[in-house]
Amino acid sequence: MNTLLLLAALSSQITFDTTRVGDMYTITPQVLLTENCVCQVEILATREGEGGQSRTRQRKTVQFIANQPASLMRLSMNIEAQDSVDIVVTVTDGQSVNLSRHWTSQQKL
């Protein structure tokens, strides 16, 4: 088990720091890479609810320093019980770094 924890700590990863107050969610994707990288970051957020569907896509180039966690943009949104929200974060340098992680709301009934 300790070996698995060590491997996870030494590998590149995307995580989501999520806080919730009532129906208000704040989601901050965080990236930790094991090597320096000038990477293309893409964040795709899709929301479906009674009011319809919306999609937002943002792309930017970010310079990451090895083994230093970096917070990306903060997303704040009101997610009601009937809503479905999906967020996909992709980080790539087009060569050795290719990460993607998905976050989904737990609200949809």
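**A walk from the disulfide to the pocket**

Cys 37 and Cys 39 are joined by a disulfide, with the two sulfurs 1.7 Å apart. Keep in mind that this is a predicted model, so that S to S value of 1.7 Å is computed from predicted coordinates. For orientation, a disulfide is a covalent bond between the sulfur atoms of two cysteines. A count over the structure gives one disulfide. Which hand does the bridge between Cys 37 and Cys 39 have? The torsion about its S-S bond comes out at about 90 degrees, so the disulfide is right-handed. Cys 37 and Cys 39 are both buried.

Strand E3 covers residues 37–49, and Thr 46 is found in this strand too. Is Thr 46 buried or exposed? Its relative accessible area is 16%, and the cut-off for buried is under 20%, so Thr 46 counts as buried. As for what surrounds it, leave aside residues up to four places away in sequence, and Thr 46 touches Gln 53, Ser 54 and Arg 55, along with Ser 84, Val 85 and Asp 86. Of these, Gln 53, Ser 54 and Arg 55 fall within the range of strand E4, residues 52–64.

Strands E3 and E4 turn up again at the largest pocket, whose volume is about 170 Å³. Together with strand E5 (70–71), strands E3 and E4 are the elements that give two or more residues to the lining. Which of the elements gives the most? That is E4, with four residues. Among the lining residues are Val 41 and Ile 43, then Gln 58, Arg 59, Lys 60 and Val 62, and further along Ala 70 and Ser 71. Leu 72 and Met 73 line the pocket as well. Sorted by class, the lining has six nonpolar residues, two polar ones and two charged ones.

Now for the aromatic rings. How many aromatic pairs does a search of the whole structure find? One, formed by Tyr 25 and Trp 103. The ring centres sit 6.2 Å apart and the planes make an angle of 65 degrees, an edge-to-face arrangement. The pair links distant parts of the chain: Tyr 25 belongs to strand E2 (residues 24–32) and Trp 103 to strand E8 (residues 98–104), with the two positions 78 residues apart in sequence numbering. Like the two cysteines of the disulfide, both partners of this ring pair, Tyr 25 and Trp 103, are buried.

Conventions:
Residues numbered from 1 in each chain as written. Predicted model: local features only at pLDDT ≥ 70, side-chain atom pairs only at ≥ 80, totals over all residues. Heavy atoms only, no water. 1 Å grid on protein atoms, 1.4 Å probe; cavity = no way out; pocket = protein on both sides within 12 Å on 5 of 7 lines; lining within 4 Å. Points joined across faces, edges and corners; volume = space filled by probe spheres on them. Nonpolar A, V, L, I, M, F, W, Y, C, P; charged D, E, K, R; others polar. Phe/Tyr/Trp six-rings, centres within 6.5 Å; stacked < 30°, edge-to-face > 60°. Buried < 20%, exposed > 50% of the residue type's maximum accessible area, 1.4 Å probe, protein only. Disulfide = S-S within 2.5 Å. Contact = heavy atoms within 4.5 Å.
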